[in-house]
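This report follows a single residue into its surroundings, then turns to the cores and to the principal pocket. The sequence and the structure are shown first.

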Amino acid sequence: MSLETHHVRKPWVAASLSLVCTGLGQIYCGRAGRGLVMYSSSLLLGLVMVVTALFAHWTAMLFAFLLSLGGLIGLLIWSVRDARLTARSLAATDFQPQECNRPLVYSMMALTNVPYLLGLVFLVRATMFEAFVI
């Protein structure tokens, strides 16, 4: 494997990383600022979802929950698409890895995202989908 092919950004890898953790594909492509904004936005939308799920018995909060859920899904789709297109545009250039392009950074972001998403899923499940009174 030559040095030039080692640093080529692959669109499928960028899209997969963004699917695992919103913004991680952008960091893989060298757009650390954009990736961190997407990552922070997904965390913020998740926090809004938690707050609105706790008060979902009000119609306005249920509507806000659905809006934040749609925003989170839209951000995820946009992140995957943007990472794939960015990696495709970088395919012709020789990419110079930066400090943020290390496997440790990728794994730390993915590992911080997993408990957050699991907690969000269990909270929404407990407050929205299995909330019943007999």
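## Ala32 and its surroundings

In this predicted model, Ala32 is a residue of helix 4, the element that runs over 32–54. Because its relative accessibility is 23%, and the buried class is reserved for values under 20%, Ala32 is counted as partly exposed.

When residues up to four places away in sequence are set aside, Ala32 touches Gln26, Ile27 and Cys100. Tyr116, by contrast, is 84 residues from Ala32 in sequence, and the C-alpha atoms of Ala32 and Tyr116 are 21 Å apart in space.

## Cysteines

Two cysteines may be described by their accessibility. Cys21 has a relative accessible area of 1% and therefore counts as buried, while Cys29, at 0% relative accessibility, is likewise classed as buried. The structure holds zero disulfides, a disulfide being taken here as a pair of cysteine sulfur atoms within 2.5 Å.

## Nonpolar cores

The largest nonpolar core comprises 15 residues, and those with the most contacts inside it are Ala14, Leu24, Tyr28, Cys29 and Met109. Two or more residues of this core come from each of helix 2, helix 3 (24–28), helix 5 and helix 6, and helix 3 makes the greatest contribution, with three residues.

Leu24, one of the residues with the most contacts inside the largest core, is in contact with Leu17, Ser18, Tyr106 and Met109 once its neighbours within four places in sequence are left aside. Apart from the largest core lies another core, of six residues, which includes Met49, Ala53, Phe65 and Leu72.

## The largest pocket

How much space lies in the largest pocket? The computed volume of the largest pocket is about 300 Å³. Its lining is made up of 17 residues, of which Thr22, Leu72, Leu76, Leu117 and Leu120 are the closest to the centre. Leu72 thus appears in this lining as well as in the core of six residues.

Four helices each supply at least two residues of the lining, namely helix 2 (11–20), helix 4 (32–54), helix 5 (59–89) and helix 6 (103–129). The largest share, six residues, comes from helix 6. Sorted by class, the lining of the largest pocket contains 13 nonpolar and four polar residues, with no charged residues.

Technical notes:
Residues are numbered from 1 along each chain as its sequence is written. This is a predicted model: local features need pLDDT of at least 70, side-chain atom pairs count only at pLDDT 80 or more; totals for chains, interfaces and linings use all residues. Side-chain values use heavy atoms; hydrogens and water are left out. On a 1 Å grid over the protein atoms alone, a cavity is a set of points where a 1.4 Å probe fits but cannot get out, and a pocket is an open set with protein on both sides within 12 Å along at least five of seven lines; lining residues have an atom within 4 Å of a point. Grid points are joined across faces, edges and corners, and a volume is the space filled by probe spheres set on the points. Ala, Val, Leu, Ile, Met, Phe, Trp, Tyr, Cys and Pro count as nonpolar, Asp, Glu, Lys and Arg as charged, and the others, Gly among them, as polar. Buried means under 20% relative accessible area, exposed over 50%, partly exposed in between (1.4 Å probe, protein chains only). Contact means heavy atoms within 4.5 Å. A nonpolar core is a set of buried Ala, Val, Leu, Ile, Met, Phe, Trp, Tyr and Cys residues joined through side-chain atoms within 4.5 Å.
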